[in-house]
Amino acid sequence: MRQIILHERPDGMPTKDTFQYQEVDVPAQKSGEVLLKTLYLSVDPYMRGRMSDLPSYVEPFQVGKPLNGGIVAEVIESDGSVLNTGDIVTGALPWQEYIAVSPDELRRVDVHGVPISSALGVLGMPGLTAYFGMYHIGEPKEGETVVVSGAAGAVGSLAGQLAAKRGARVTGIVGSREKADYIVEKLGFDNAVNYKEENVSDALKAKCPDGIDVYFENVGGEISDAVWPQLNTFARVPLCGAIASYNLAEGEKDIGLRVQGPFIKSRVKMQGFIVGDFAKHFSEAYRELSSLVQSGDILFEETIHEGFDQVPDAFLGLFTGENIGKQLVKVAAP
Ligand code: NDP
């Protein structure tokens with residue numbers, strides 16, 4: 001079977017040389033472990049941070065060792081004490097085609113009426129991120145104006161829909177006309193700004209004439225610089241991600257975030273968060289999101305690459321904006 005290891009730490013944008021495929025034996029199960037066949041593998045922007053060895057909230061990947069992240073898998077061998085053969089499970093697991101692991105590290109996927117891959121997207125880590133960032137930090141209210149960057153992605157597309165459920169007016173910032181049409185026509189955002197074709201500052205002034213009450217921050221850089229002066233008094237900023245800075249080479253100057261003046265004047269509250277901070281509320285969020293997805297009140301999209309050999313391309317595609325909704329790789333059929 002194949003696994004993907006971190007071949008070298010990238011400086012700047014990762015390339016195909018960042019990854020290396022290795023042929024290894026299917027792992028032998030230790031007592032109590034189950035053997036999994038990988039079905040879907042998630043590629044996420046935060047993985048870029050783990051490819052560097054800078055201090056962070058999560059351990060860096062080790063050169064020469066398998067990369068890992070969210071995976072949906074089928075149990076193909078089990079002693080039946082906790083999980084049965086045929087069960088579908090998810091967990092943070094190594095990027096390989098077969099995995100031997102303790103059931104303690106897995107969560108059973110038992111969502112009905114939605115694809116099992118959603119456990120890596122709208123009903124997984126990105127879904128929880130949007131939910132807690134928007135509802136626990138952004139706290140949008142009826143009639144307020146909310147702006148979401150990265151708005152057609154896994155987190156942003158849900159964050160905007162959740163704000164609309166609270167009666168807010170929602171503007172999404174995206175990188176293509178197709179994405180702008182998708183979030184407005186399909187997801188019900190009030191309007192969109194295409195940062196590749198419009199002046200973001202002017203477009204926001206026109207589309208958010210009452211200023212901005214909540215800015216859900218996914219990208220950082222110059223896009224966000226255009227948002228800061230338009231924040232209203234007592235605005236809230238869930239600081240979720242800053243993808244525009246993830247591929248800066250060593251020594252390259254960071255961009256954006258000259259916010260002190262306008263933030264003090266407007267008494268803006270900006271809070272960085274990691275989805276794991278809300279772990280004790282996960283089950284309540286899963287319940288609410290599952291029911292919204294099953295009833296069709298929340299829509300989601302997945303961009304799925306087919307085949308284990310597609311993992312590097314799928315990961316690199318996150319930084320060129322090729323995905324609408326959650327970027328995934330389908331490794332095998334159940
Ligand atoms: P997405 O599905 O949004 O995929 C990434 C998208 O980012 C791309 O499709 C692209 O869309 C946009 N993008 C890429 N490069 C740039 C750039 N240089 N400038 C502007 N936009 C860019 O990813 P996720 O939804 O998984 O993640 C969104 C953000 O949330 C990331 O910053 C991520 O790190 C963060 N995050 C934070 C978590 C937390 O716990 N705090 C947990 C999960 C995610 P476009 O075509 O519109 O440019």
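In this predicted model, the two domains touch through 16 residues of domain 1 and 18 residues of domain 2. The side of domain 1 that faces this contact with domain 2 is made up of six nonpolar, six polar and four charged residues. The domain assignment places residues 2-120 together with 300-330 in domain 1, and residues 125-277 in domain 2. Between the C-alpha centres of domain 1 and domain 2 there is a distance of 28 Å.

Where does the ligand lie with respect to domain 1 and domain 2? Residues of the shell around the ligand come from both domain 1 and domain 2, and the ligand therefore lies between them. There are 32 residues around the ligand, and those that come nearest are Gly153, Val155, Gly175, Gly241 and Gly321. By class, the shell around the ligand holds 18 nonpolar residues, 12 polar residues and two charged residues.

Several helices take part in this shell. Helix H2 (125-138), helix H3 (154-165) and helix H6 (221-227) each contribute at least two residues to the shell around the ligand. Of the shell, H3 provides the largest share, namely three residues.

The packing of the helices may be considered next. Two packed helices are described by the angle between their axes and by the distance between those axes. For H2 and H3, the angle is about 40° and the axes are 8 Å apart. Because an angle of this kind is neither roughly parallel nor roughly perpendicular, H2 is oblique to H3. The crossing of H2 with H3 is right-handed. On the H2 side, the contact is formed by Pro126, Gly127, Thr129, Ala130, Tyr131, Gly133, Met134, Tyr135 and Gly138. On the H3 side, Ala154, Val155, Leu158, Ala159, Leu162 and Ala163 take part. The contact of H2 with H3 comprises 11 nonpolar and four polar residues, with no charged residues. Val155 of H3 thus appears in this contact and is also one of the residues that come nearest to the ligand.

H2 also packs against helix H8 (residues 282-294), at an angle of about 100° and with the axes 10 Å apart. How are H2 and H8 oriented to each other? They are roughly perpendicular, because angles of 65 to 115 degrees count as such. In this contact, H2 contributes Gly127, Leu128, Tyr131 and Phe132, while H8 contributes Phe282, Ala285 and Leu289. The residues of the contact of H2 with H8 are six nonpolar and one polar, and no charged residue is included. Gly127 and Tyr131 of H2 take part in the contact with H8 and also in the contact with H3.

Technical notes. Residues are numbered from 1 along each chain as its sequence is written. This is a predicted model: local features need pLDDT of at least 70, side-chain atom pairs count only at pLDDT 80 or more; totals for chains, interfaces and linings use all residues. A residue is near a molecule or strand if its C-beta atom, placed from the backbone, lies within 6 Å of it. Helices (H or I, at least four residues) and strands (E, at least two) are DSSP runs, numbered from the N terminus. Ala, Val, Leu, Ile, Met, Phe, Trp, Tyr, Cys and Pro count as nonpolar, Asp, Glu, Lys and Arg as charged, and the others, Gly among them, as polar. Domain bounds come from an automatic or database domain assignment. Two residues are in contact if their C-beta atoms, placed from the backbone, lie within 7 Å. Axes are lines fitted to C-alpha atoms, for helices over the stretch in contact, and angles run from 0 to 180 degrees between N-to-C directions. Angles under 35 degrees count as roughly parallel, over 145 as roughly antiparallel, 65 to 115 as roughly perpendicular and the rest as oblique. A crossing is left-handed if the near helix is turned anticlockwise from the far one by less than a right angle, and right-handed if clockwise.
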